Every structure is written in C-alpha cells, then in structure tokens.
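Colleague: I should be grateful for a close look at the salt bridges in this model. Please describe the partners, where they sit and how far they are covered.

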Amino acid sequence: MNFLNNTYMKAAKKLVLVMLLTGLFMSCDDFGNVNTDPNNPSQVRTDLLLTNAQRSMSSKVGAVMGTLWVQYMAETQYTDDQEYRSVNADFNGWYTGPLQDLQTIIDLNSDSETAGDVLSGGSNANQIAVARILKAYFYQMITDRWGMVPYSEALQGRENLQPAYDMQEAIYTDIINELKAAADQIDLGSAAVNGDILFEGDMQRWINFANSLRARAALRLSETSGASLTLAENEFADAISDGVISEDVMYPYLSNADNENPWYSRFRTRTDYAISEPFADYMKGIDDNRILVFANPAPAQDNGDTEVTFDEIVGMPYVENAGNIPNTDISFPGSAIGAGGPSVGVQDAPLPIITVAEMELAQAEAVERGWITGVAADHYYAGIEASWNQWGVYGDGSDYNDYITQAEVMYDPNNWDELIGNQKWIALFPNGYEAWSEWRRLGFPALTPNPWGVLNQIPVRFTYPTSEATNNTENYNAAVSAQGADDPLTNVWWDQ
C-alpha cells in the first residue's frame with residue numbers, strides 16, 4: 001500500500017487550509033474586485049508553496065544541534081546542547097509547514113477540479129513528482145531524528161488531529177518507493193516546475209536528486225535484516241544505475257537578510273560556536289587541508305599573513321566553564337560555511353544538501369557490501385577528491401596525493417567501515433543531522449561523549465514533543481510501547 005495516496009480533500013476545504021497555513025495566494029478576476037471574495041481566493045500559487053517548502057531545507061542543512069552531537073562544533077558559553085540537556089524537540093512545525101505545503105501541491109494537481117487552475121506552477125505531473133521527492137526528503141529527516149512518527153495518517157488536517165505513528169520500517173519502505181516512483185513520474189517533455197530555487201526547473205536534475213536520495217535512504221538500512229535489507233540492496237543498485245548527481249546540490253542563500261546563511265546570522269552579533277577540539281585535532285593529525293577552510297585561525301595563533309596553517313587552528317575543548325576560555329584562543333567556523341557575521345562572513349555562502357563526495361563514499365561502501373560491482377578504493381578516493389574540490393583545497397593535487405598515502409587514510413578493505421566512516425564524517429560537514437545519522441549507522445568515527453554531559457552516551461534520538469503525550473495520548477503510548485522508552489538513548493529501528 002502506498003501511504004501517500006490518501007483520499008483527496010474537497011477543493012474548497014483545501015483552499016481554506018492553504019490560506020490558513022501559508023497565506024500565499026493571488027486572486028485573479030478579469031472584472032476587478034467587485035465580485036471577488038477576499039476570503040476565498042480563486043487561484044493558489046503552487047510555485048510559491050514550492051519555494052516556501054524548499055526554504056525549510058535550510059533548517060536541516062543549517063541546523064546546530066547535529067553539529068554539536070557529532071562534534072563538528074562546540075559551544076563557547078552556554079553549553080546545555082553539547083551536554084545533552086536539550087534532547088526534546090517538536091516535530092509539529094515540519095508537518096504544518098513544508099509537508100503541508102507539499103501535500104497541498106499534490107492535492108491541487110491531482111484533483112480534476114483544481115488541476116487546471118495551478119498549471120502556472122508547471123505541468124501537473126512534474127509538480128506532483130517534485131513535491132513527492134521533497135516530502136520524502138523531509139520525512140527521512142524526521143524519522144531519523146525521532147524514529148516512529150505520524151506518516152500514513154498525517155497531513156489530513158481537521159479530518160484527523162490524532163494521527164497514528166507508523167513503524168519506521170514501513171516509513172522507510174514507502175520513502176524509497178516514493179522516490180523511485182516520483183523520478184519515473186517526471187516528464188522531461190512537459191512544462192518544468194516554477195518557484196524552484198534548487199534547480200531552477202531543471203527536471204533532469206530532479207531525477208538525479210531523487211535517485212541520490214533513494215541511494216542515501218537505502219544505505220541507511222544496511223544494518224537491518226530480511227526484506228528491508230533486500231530492499232536496500234536492490235534499490236541502492238537501481239538508484240545508482242538510474243543515475244545519481246554529478247554535481248553538488250547546495251542550498252542557495254541570498255545576500256540579504258530574507259534568506260541569508262544561518263551561520264552568518266548566528267555570528268552577526270555573537271560567537272557561541274567554535275570548531276570542536278576533537279574535530280580540529282583529528283583533521284590536523286592527518287594534514288587534512290579541509291580544516292583550513294572549515295575553521296578560521298585562532299587570533300592568538302594568527303601570524304597575520306593571508307595563509308592559514310594547521311598550527312593556527314585551535315579547537316574548542318570540552319571544559320566545565322567554557323566561558324573562561326578567551327575567544328582569542330579558539331578557532332571559529334570559517335567563511336566557507338558563511339560564519340563570521342558582517343565582519344568576515346559570507347551572507348550567501350551555500351550549504352550542502354547532498355554531494356558528489358557523499359555519493360562516491362556510499363558507492364565504496366556498497367561495493368564492500370556486495371550491493372554493486374566496482375572497485376571500492378576507486379570510489380573511496382573519488383569521494384575524498386570530490387570533497388577537497390568542493391571546499392576548494394585540492395590545488396595542484398600534491399597535498400591531496402600526500403594525504404591519501406598516509407596510513408590513516410590509505411584504503412584498506414580490511415578496515416573499510418572505519419575508513420569510510422571517518423571520511424564521511426569529514427565530507428558531510430557541516431550537515432550535522434546527516435552526519436549524526438551516518439555515525440549512528442556505521443559506529444565511526446569513534447567519538448568520545450562530552451565528559452561534562454548529563455548522559456554517558458551521545459544521544460541517538462530526540463524525544464517526542466511534550467504535547468504528543470497530552471494531545472495524542474493513545475498513539476503516543478502505542479509508539480513508545482512498540483519502539484521503546486521515549487528516551488534519547490533508545491535506538492531507532494535502523495540503528496542496530
């Protein structure tokens with residue numbers, strides 16, 4: 001059963017729901033406003049709904065919490081998050097925001113009563129396909145963070161205010177199937193989607209994006225068993241065969257406050273996050289040039305020239321009183337991810353959504369698992385090289401060649417999981433939530449929990465919104481009974 005093919009709401013109800021949730025409408029009437037009801041707009045701008053949903057991707061790729069839990073960043077003053085005190089989070093905004101926008105696009109383009117009215121957003125088929133792809137993207141992030149979540153009964157508005165939680169296995173199965181079906185649904189000969197800030201309506205890139213997300217989702221199931229593992233193996237191979245991305249997919253920020261890089265915003269007036277000592281020391285220890293753009297020189301170590309060197313990078317350690325360490329003694333994140341605020345930051349610096357480096361490292365792992373044919377080492381080195389190029393540190397290749405010949409980096413099929421895990425950790429920077437999921441799945445890198453943390457382990461899930469226990473009690477209790485305690489140390493289904 002395809003959970004996303006729910007019975008469509010009547011057109012009038014849908015229009016009112018869109019108005020309440022987004023306010024993104026445009027009235028059109030050849031006779032002016034004389035007979036126009038301002039509370040019942042005659043045309044919904046699906047292109048604006050698409051843009052609105054895509055803008056929510058920034059809240060994933062630019063989020064802080066994941067970067068703290070995988071130790072990319074460390075807090076410099078207020079250390080609650082890195083000490084695992086903030087493990088409760090609310091998922092409701094994802095449902096009422098981007099997911100509802102995308103479901104509305106699907107509903108309006110699928111209903112014969114409204115399909116003809118929304119063609120300004122592109123062909124019906126292509127609009128539906130793009131919305132399905134983005135829904136899968138958001139749902140994977142949500143289920144990776146909480147585990148079991150509302151899925152098959154979600155997004156029904158007032159018709160179901162207390163949706164059941166679905167098993168994560170069922171959610172992942174449908175996500176993978178949706179990505180495949182959506183890619184197949186795209187019609188390159190029909191009108192491209194409008195309002196698309198990611199690919200500007202390039203439908204071939206949407207196909208490759210969907211295939212790449214399918215490969216990512218399939219690989220997440222590598223430690224499961226039975227039918228799920230078989231699905232993962234088959235769909236990963238199929239996604240690669242169908243064609244994954246050949247260029248990095250980056251979130252496109254703008255040089256204005258309406259859509260600026262979140263790391264730029266965070267450093268506008270504050271300096272709350274620094275590159276962590278574990279991350280900096282690991283990369284410096286293997287002469288990884290990427291740390292030279294991930295981090296700025298610590299002012300006390302900066303010799304004043306324009307060249308950043310390894311000895312000028314100083315990570316923030318985990319200490320009891322972080323505020324006692326002067327800002328001059330630590331390295332803050334670099335302008336390559338936009339950080340620095342108005343002084344040295346880059347307001348429109350893009351952030352990675354999914355990259356060529358990730359896909360190459362995924363294929364290296366898939367070869368080792370026997371999912372695809374090929375040479376694992378070739379994909380491994382291609383992934384590192386792609387990441388060095390992504391961050392602009394490849395140069396003439398001499399440093400890269402020295403780097404990959406080190407014992408700690410050189411490929412060894414007997415140690416593939418640790419090598420790929422460590423390199424994926426670096427290559428996913430600063431996409432903390434994705435890195436956190438891959439760390440949970442592979443068990444690498446070998447991170448030591450913050451010694452000042454209130455937990456003796458790094459959290460492996462977020463706890464459910466407190467409102468769920470009160471407002472959706474029966475379904476909340478059923479999810480806890482099936483999944484395990486609503487606790488940050490309860491593993492999600494695929495994290496075995």
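**Salt bridges between parts of the chain**

Modeller: In this predicted model, Arg-205 and Glu-247 form a salt bridge whose closest N and O atoms are 3.8 Å apart. The two partners come from distant parts of the chain, 42 residues apart: Arg-205 belongs to helix α8 (residues 203-219), while Glu-247 sits in the loop between α9 and β4 (249-251). Glu-247 is partly exposed, with a relative accessible area of 44%.

Helix α8 also supplies Arg-214, which meets Asp-238 of helix α9. The N to O distance in this salt bridge is 2.9 Å. Because Asp-238 lies in α9 and Arg-214 in α8, the pair ties together parts that are 24 residues apart in sequence. The cover of the two side chains can be stated for each partner. Arg-214 is buried, with a relative accessible area of 0%, whereas Asp-238 is partly exposed at 24%; the limit for a buried residue is under 20%.

Helix α9 takes part in a further contact, through Glu-235. This residue forms a salt bridge with Lys-180, and the closest N and O atoms are 3.7 Å apart. Here again distant parts of the chain are linked: Glu-235 is in α9 (residues 226-242) and Lys-180 in helix α7 (residues 168-185), with their positions 55 residues apart in the numbering. Glu-235 is buried, its relative accessible area being 10%, and Lys-180 is partly exposed at 28%.

These pairs may be set against the wider picture. The count for the protein comes to 25 salt bridges. A network of salt bridges links several charged residues, among them Lys-60, Asp-144, Arg-216, Arg-220, Glu-223 and Glu-358. Other members of that network include Glu-365, Arg-369, Lys-424 and Arg-441.

Some acidic residues belong instead to a surface patch. Asp-287, Asp-396, Asp-399 and Asp-402 form a negative patch, and residues of such a patch have no salt bridge. Asp-396 lies in the loop between α15 (376-390) and α16 (398-404), and this residue is exposed, with a relative accessible area of 68%.

As for the setting as a whole, the protein has 20 helices and six strands. Its radius of gyration is 23 Å, close to the 23 Å that the globule rule gives for 496 residues, so the protein is as compact as a globular protein of that length. The C-alpha trace spans about 70 × 50 × 50 Å along its principal axes, and buried residues make up 57% of the 496 residues.

Conventions. Residues are numbered from 1 along each chain as its sequence is written. This is a predicted model: local features need pLDDT of at least 70, side-chain atom pairs count only at pLDDT 80 or more; totals for chains, interfaces and linings use all residues. Side-chain values use heavy atoms; hydrogens and water are left out. Patches are made of residues with over 30% relative accessible area and no salt bridge: like charges are joined within 9 Å, nonpolar side chains (Val, Leu, Ile, Met, Phe, Trp, Tyr) within 5 Å. Accessible areas come from the Shrake-Rupley method with a 1.4 Å probe; for residues, only the protein chains shown count as cover. A salt bridge is a side-chain nitrogen of Lys or Arg within 4 Å of a carboxyl oxygen of Asp or Glu. Lys and Arg count as positive and Asp and Glu as negative; His and the chain ends are not counted. The place of a charge is taken as NZ of Lys, CZ of Arg, CG of Asp or CD of Glu. Helices (H or I, at least four residues) and strands (E, at least two) are DSSP runs, numbered from the N terminus. Buried means under 20% relative accessible area, exposed over 50%, partly exposed in between (1.4 Å probe, protein chains only). The radius of gyration is taken over C-alpha atoms; the globule rule is 2.2 Å times the number of residues to the power 0.38.
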